[in-house]
Amino acid sequence: MQNNNVYEYINITNVLNQLHIKKTSVRGNYIYAICPFCQNSKEKNGYLKVNTINNVYICRQCGSSGSSLDLYASEKYISTKEAFKRLLRETPVLDNMPYTYNNPVKDEYYRDMVYRTFLEMQKLSDYHYKKLKEMNFSDNYIKDNQFKSIENNNDNKKEICIKLQEQGLKLDGIPGFFQDTDFKWNYKSHKGIFIPVTLNNKIQGLRILLDEKYGLDTENVWFSSNNEYNGTKASNWPMVLKNKSINWIDMYNSCTSESIIIATEMILAHKLFNNTNKTVIGIPNNIDKDLILNLVKRMNVSEVFLYADKYTILHTSSLMYENTIQALEAQNIKVDFRIALTETNIGSDLNTSEENKKVA
Ligand SMILES: [Zn+2]
């Protein structure tokens with residue numbers, strides 16, 4: 001089963017094919033088939049209505065209904081657990097029917113609504129609170145930015161998803177969420193802290209500061225659910241952190257900040273903003289020249305402090321840095337390139353120099 005996604009095995013069209021259930025017609029996302037519980041195979045009109053998107057069936061005559069696993073289990077007189085096991089043994093035979101694998105991402109208004117509600121349902125553990133305090137963040141900063149620990153208990157996770165849906169929120173198209181093998185909504189588990197990525201007052205996505213490094217020694221990943229059933233891939237959204245007294249329109253339209261900071265990771269961006277109170281752009285894991293230029297051009301900036309975190313230093317070609325620096329300099333922007341080490345008072349030298357300038 002290495003080559004197939006698990007959802008192909010439990011796809012309802014595969015189950016119909018494995019059980020040799022006769023299909024009588026296809027309309028859109030629906031297949032009509034002979035009900036194995038109340039019809040004989042010689043009948044012409046099938047009463048079994050199969051929804052290939054939701055992976056469920058219902059018989060319009062005898063009323064039997066359920067998921068693809070229920071269909072297989074009932075037909076074979078076995079448990080759904082056993083049905084799942086048996087389906088995994090056979091090569092899936094899928095019909096060419098609509099079948100959602102990766103969803104298109106919902107717009108920023110919707111994502112913001114879901115993520116804010118979702119974060120309210122997450123707690124902050126003592127361990128993570130201490131970790132954030134060690135990074136010099138105040139209680140208010142932690143609260144205002146909705147830094148939360150990720151709930152990883154499977155039952156609690158599904159409960160949270162149910163609560164979100166009860167509030168009328170749909171989870172398809174929201175990176176991080178997917179439908180589990182029981183077709184209940186769930187979200188990806190990670191041990192770490194959610195760092196909401198905000199732009200124009202809206203949460204674009206959730207970045208995760210991991211407790212332990214994953215492969216390739218990264219400490220940060222996106223909350224993403226690509227390649228999961230009904231899952232959604234996160235994009236590399238940028239974040240802008242700015243003083244609350246500057247509104248978004250002013251920031252883009254007038255000369256609000258002469259020098260800004262660009263940081264290659266979200267937690268680094270927060271540390272720098274917290275320590276300097278300058279406008280900070282967070283761009284995770286990559287130096288995207290066009291993205292940086294696009295944001296910086298709108299801000300009327302004369303100087304950029306470009307802070308690269310260790311991971312980006314190790315995994316980005318020097319050519320990309322050079323290109324970005326050159327592109328910024330071509331806009332008459334002075335660039336100071338800095339490598340961010342792990343100390344907590346990072347960026348504090350920027351304030352000192354500002355102070356010195358004022359004195360001078
Ligand atoms: Zn029936």
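**Exercise 1. State what share of the protein chain is buried, and describe the chain as a whole.**

Solution. In this predicted model, buried residues make up 36% of the 360 residues in the protein chain. The next step is to list the secondary structure: the chain has 14 helices and 18 strands. The last step concerns contacts with a separation of 6 or more; residues 24 or more positions apart account for 62% of them.

**Exercise 2. Determine where Ile 203 is placed, and whether Ile 203 is buried or exposed.**

Solution. First, locate the residue: Ile 203 belongs to strand E11, which covers residues 202-210. Second, count its surroundings: 22 other C-beta atoms lie within 10 Å of Ile 203. Third, apply the cut-off: a residue is buried if 20 or more other C-beta atoms lie within 10 Å of its own. Ile 203 is therefore buried. The strand can be judged in a similar way: seven of the nine residues of E11 are buried, and E11 is mostly covered.

**Exercise 3. Identify the residues that Ile 203 touches, leaving aside residues up to four places away in sequence.**

Solution. Begin with the part of the list that has lower residue numbers, which includes Arg 111, Asp 112, Tyr 115 and Arg 116. Then add Pro 196, Val 197 and Thr 198. For one of these partners, Tyr 115, a distance can be given: its C-alpha atom and that of Ile 203 are separated by 6.9 Å, although the two residues are 88 residues apart along the chain.

**Exercise 4. Describe how strand E11 pairs with strands E10 and E12.**

Solution. Take E10 (residues 192-199) to start with: it pairs with E11 in the antiparallel sense over eight bridges. Within E10 and E11, Ile 193 stands opposite Leu 209. E10 and E11 form a hairpin with two residues between the strands, and in this hairpin Asn 200 takes a positive phi near 50 degrees. Now turn to E12 (residues 220-222), which pairs with E11 in the antiparallel sense over three bridges. Here Ile 208 has Val 221 of E12 as its bridge partner.

**Exercise 5. Classify the packing of helices H3 and H4.**

Solution. Two packed helices are described by the angle between their axes and the distance between the axes. For H3 (residues 68-76) and H4 (residues 80-89), the angle is about 100 degrees and the axes are 8 Å apart. Since angles of 65 to 115 degrees count as roughly perpendicular, H3 is roughly perpendicular to H4. In the contact, Leu 69, Asp 70, Tyr 72, Ala 73 and Lys 76 of H3 meet Thr 80, Ala 83, Phe 84 and Leu 87 of H4. Sorted by character, these residues comprise six nonpolar, one polar and two charged.

Conventions
Residues are numbered from 1 along each chain as its sequence is written. This is a predicted model: local features need pLDDT of at least 70, side-chain atom pairs count only at pLDDT 80 or more; totals for chains, interfaces and linings use all residues. Helices (H or I, at least four residues) and strands (E, at least two) are DSSP runs, numbered from the N terminus. A residue is buried if 20 or more other C-beta atoms lie within 10 Å of its own, exposed if 12 or fewer, and partly exposed in between; C-beta atoms are placed from the backbone. Two residues are in contact if their C-beta atoms, placed from the backbone, lie within 7 Å. Two strands pair if DSSP finds at least two bridges between them. Axes are lines fitted to C-alpha atoms, for helices over the stretch in contact, and angles run from 0 to 180 degrees between N-to-C directions. Angles under 35 degrees count as roughly parallel, over 145 as roughly antiparallel, 65 to 115 as roughly perpendicular and the rest as oblique. Ala, Val, Leu, Ile, Met, Phe, Trp, Tyr, Cys and Pro count as nonpolar, Asp, Glu, Lys and Arg as charged, and the others, Gly among them, as polar.
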